[in-house]
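Q: Please take one part of this model and look at it closely: an aromatic side chain, its ring partners and its surroundings. Work outward from there and give the cut-offs as you go.

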Amino acid sequence: MFQKKFDFTTCINIGSALAKNLEDIGLKNLEEMKKIGTEEIFFRHFQTQGGWKNGMCSCWLYAIEGAITN
């Protein structure tokens, strides 16, 4: 069965670049983000994407936390 891809940009604080980052680490939806939490999302990105990337800053973490907590 085909499941429609979740659009992370519908979440507060999530723009297209961060949405792509979330998809790149294999996240499927907001519920999954809530389940694993901000720190784990950061560490997964850091580990799977080859370390620190441009644009990763405290704002990145705040955006994720804001999306999770609304």
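A: F8 has a relative accessibility of 1%, so this residue counts as buried. With a 1.4 Å probe and protein chains only, buried means under 20% relative accessible area, exposed means over 50%, and partly exposed lies in between. The model is predicted, so local features need pLDDT of at least 70 and side-chain atom pairs count only at pLDDT 80 or more, while totals for chains, interfaces and linings use all residues. Residues are numbered from 1 along each chain as its sequence is written, and side-chain values use heavy atoms, with hydrogens and water left out.

Searching the whole structure gives three aromatic pairs. Two rings of Phe, Tyr or Trp (its six-membered ring) pair if their centres lie within 6.5 Å; planes under 30 degrees apart are stacked, over 60 edge-to-face, and the rest tilted. The ring of F8 pairs edge-to-face with that of F6, at 5.0 Å centre to centre and with 85° between the planes. F6 has a relative accessible area of 27% and is therefore partly exposed, whereas F8 is buried.

F42 and F43 also form an edge-to-face pair, because their planes stand at 70° with the centres 5.7 Å apart. Here too burial is split: F42 is buried, with a relative accessible area of 15%, and F43 is partly exposed at 43%. Ring pairs join F42 and F43 with W60 in a cluster.

F8 is also one of the residues that L22 touches; the others are I14, L27, M33 and I41, leaving out residues up to four places away in sequence. Contact here means heavy atoms within 4.5 Å. L22 belongs to the largest nonpolar core, which has 17 residues; together with I14, M33 and I41, L22 touches the most other members. Such a core is a set of buried Ala, Val, Leu, Ile, Met, Phe, Trp, Tyr and Cys residues joined through side-chain atoms within 4.5 Å. Two or more core residues come from each of α1 (16-24), α2 (30-48) and α3 (58-69). The share from α3, five residues, is the largest. Helices are DSSP runs of H or I with at least four residues, strands are runs of E with at least two, and both are numbered from the N terminus.

F6 and F8 also help to line the largest pocket, along with Q3, K4, K5, E23, L27, K28 and N29. On a 1 Å grid over the protein atoms alone, a pocket is an open set of points where a 1.4 Å probe fits, with protein on both sides within 12 Å along at least five of seven lines; lining residues have an atom within 4 Å of a point. The volume of this pocket is about 200 Å³, taken as the space filled by probe spheres set on the points, which are joined across faces, edges and corners. The lining contains four charged, two polar and three nonpolar residues. Asp, Glu, Lys and Arg count as charged, Ala, Val, Leu, Ile, Met, Phe, Trp, Tyr, Cys and Pro as nonpolar, and the others, including Gly, as polar.

As for the setting, the protein has three helices and zero strands. Of its 70 residues, 33% are buried.
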